[in-house]
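Student: I am new to this structure and would like a close look at a single part of it. Could you pick one strand, walk me through its surroundings, and then show me a few other places worth finding?

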Amino acid sequence: MNALDKMISPGAGHSVQGGFSRSVADIFGALGLSLDAHLGSDLKVFSPVDGSELAALRTDKAYDMDAMVANARAAFAVWKDVPAPHRGELVRRYGLLVREHKEALSHLLTIENGKILTEARGEVQEVIDICEYAVGLSRQLFGLTIASERAEHRLTEYWHPLGVLGLISAFNFPAAVWAWGTTVALVCGDSAIWKPSEKTPLTALAFAGLLQKAAADYELAPDHLVQVAIGDAACGTMLADHPDVAIVSATGSVRMGQDVGVRVQRRFGRPVLELGGNNAAVVAPSADIGLALRGTIFAATGTCGQRCTTLRRLIVHEDIRADFVKRLIAAVGSLNIGSPLDDATHVGPLIDKAAFDAMQRALEQARRDGGIVHGGDRIEVAGPDAYYVRPAIVEMPAQSEIVREETFAPILYVLAYTGFDEAIALQNGVPQGLSSCVFTSDVREAEKFQSAQGSDCGIVNVNIGTSGAEIGGAFGGEKVTGGGRVSGSDSWKNYMRRVTATVNYSTSLPLAQGVKFDLDID
Ligand code: NAD
């Protein structure tokens, strides 16, 4: 156990004094940040590790939001004129700060969100990686030169900064999703306001606090370049509705996206929606079974089933189903469920009681639909206010309504198939379209699954589980997953405005498409 582990062991230092618990105070102290400006009584923050209170914060009201947006507009007016590679320098410095404080940030993430430490470290690493990605991008925001149909004309596309980014994020990736959007938006020349989940505001204040610190030390960065708005859905609505917030990137449930997407669209802002998934793995008879088992188990149980890309449906060939499911149940049964601060733990807690209740409701419905449930029961680990569960494997007779829904908990529904087209139809037969994978050694199946005849998801993997995407590729999905891509590939274009410019360097004025409009003017 290192010094940080000792500080934040459940039951040792989770009592709130002066607005926040000793563990939180120690971590913010180690980061050189103060929480004083955010202390209040409107929002209590609890640790899923043991249910103890971590902090009591004040939430931002409508007048706070108006002031924040005005400040963000003013910051944008300055920042957009800073050359992009110099904007990248701020992100480079921020990445170094996150790297320096990786351990403290990982511990804060674990005590507030409940994911096991190795996954928390992975999330902080993702923030570091995306900083490096964004720094590189700051020299590559290039447009196209297009062949003009007119002689002595040049047709070009430029990309310019767009404005204020409002970023609404979910509890399950309380830092990475913000970093995906914000670091890229910053190099694109935008300013940003972050509305984190009301379940993980401390992680947000820590990550944004370090960026504010880097900005304060960088002479080219204006004040209020990055701000944090603390609050619940109502606070998100303020961002969605505000006419001066050019881009609203919203990550969370489909229900949230349906509301935010319509609000932003109604005022012709730019929505970027990253919503729920209902991800499937097809396991074919030719699959490397050991690989498929390992890939399946991590994807289904990692982050206690609370990843947008969590594996929720296993579509396994009838010939291998019985054996595969038997081995899967045995392996899942052997996972260590316990404190996420313990290195031996595989599965930490659910975020809260509401998540536990939703899981139990789904399992009851699955039983009513004829499903056979293995696991899924609650395990007492750290008192009555912490919700630890054994992941559930549910053998289903058909893809019923409950299987077609996303329940944000570790439930893996198992379905059988006989022909590969039937497997693809089952995979596509849900409203969501985020992530999918196939385990096969048959090149025809692997190619078909990725083709237009195959999976309809934004992420399509072969011999890899559905979760754990790399930052370089565009991340997001189709159908009710929202169609947005927050980061990766050319998603930076979401944070900029496109200009098409035509320059005539001839002495005549030919019109496009051969249109004639002759005038006799000297
Ligand atoms: P949630 O929808 O409850 O909350 C997400 C965020 O939206 C929070 O900050 C919340 O305060 C805010 N919010 C909620 N309703 C709102 C509204 N009507 N207007 C404005 N803001 C609103 O989601 P959650 O429980 O925090 O996270 C789990 C969900 O997020 C799952 O559905 C998961 O699949 C999804 N998710 C998707 C991705 C992705 O990239 N596709 C990534 C992470 C999580």
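Tutor: Val-282 stands opposite Val-438 in β20, and that pair is a good place to start in this predicted model. Val-282 belongs to one side of strand β12, and β12 is joined to strand β20 (residues 435–439) by four bridges, with the two strands running parallel.

Now look at Val-283. Its bridge partner is Val-316, in β13. Strand β13 covers residues 311–317, and five bridges join it to β12, again in a parallel arrangement. To get from β12 to β13 the chain passes through helix α11 (residues 289–301), and this β-α-β crossover is right-handed. As a reminder, strands of a sheet pair through backbone hydrogen bonds, either parallel or antiparallel.

What about the two faces of β12? In a regular strand the side chains alternate between the two faces of the sheet. In β12, Asn-279, Ala-281 and Val-283 lie on one side, Ala-280 and Val-282 lie on the other, and all of them are buried. Five of the five residues of β12 (residues 279–283) are buried, so the strand is largely enclosed by the rest of the structure.

While you are following the path from β12 to β13, pause at Thr-303, in the loop between α11 and β13. Thr-303 counts as buried because its relative accessibility is 6%, below the 20% limit for that class. Its C-alpha atom is 9.7 Å from that of Phe-173, although the two residues are 130 apart along the chain.

For a contrast in strand direction, turn to an open sheet of three strands, ordered β5-β6-β23, where the pairing is antiparallel. The edges are β5 (145–146) and β23 (496–504); each has a single partner strand, so one side of each is left without a neighbour in the sheet. Two bridges join β5 to strand β6 (residues 153–161), and Ile-146 has Leu-155 in β6 as its bridge partner.

Two loops beside these strands hold residues with a positive phi. Glu-152 sits in the loop between β5 and β6; its phi is near 55°, a positive value in a residue other than glycine. Ser-489, in the loop between β22 (478–479) and β23, has a positive phi of about 50° and is not a glycine either. Glu-152 counts as partly exposed at 45% relative accessibility, and Ser-489 counts as partly exposed at 42%.

Finally, find the ligand. There are 28 residues around it, and those that come nearest are Lys-195, Glu-198, Ser-253, Asp-259 and Glu-406. By class, this shell has 12 nonpolar, 10 polar and six charged residues. Helices α9 (233–241) and α10 (254–266) each supply at least two residues of the shell.

Some polar contacts are easy to pick out. An N or O atom in the side chain of Asp-259 is 2.8 Å from a nitrogen atom of the ligand. For Leu-275, a backbone N or O atom lies 2.8 Å from a ligand nitrogen atom. A polar side-chain atom of Glu-406 lies 2.6 Å from an oxygen atom of the ligand. Taken alone, the ligand exposes 840 Å², and the protein buries 89% of that.

Technical notes
Residues are numbered from 1 along each chain as its sequence is written. This is a predicted model: local features need pLDDT of at least 70, side-chain atom pairs count only at pLDDT 80 or more; totals for chains, interfaces and linings use all residues. Side-chain values use heavy atoms; hydrogens and water are left out. A residue is near a molecule or strand if one of its heavy atoms lies within 4 Å of it. A polar contact is a pair of N or O atoms within 3.5 Å; within protein, one must be able to donate a hydrogen and the other to accept it, and residues adjacent in sequence count only if both atoms are side-chain atoms. Accessible areas come from the Shrake-Rupley method with a 1.4 Å probe; for residues, only the protein chains shown count as cover. Ala, Val, Leu, Ile, Met, Phe, Trp, Tyr, Cys and Pro count as nonpolar, Asp, Glu, Lys and Arg as charged, and the others, Gly among them, as polar. Buried means under 20% relative accessible area, exposed over 50%, partly exposed in between (1.4 Å probe, protein chains only). Two strands pair if DSSP finds at least two bridges between them. A crossover is right-handed if, with the strands pointing away from the viewer, the path from the first strand over the helix to the second runs clockwise.
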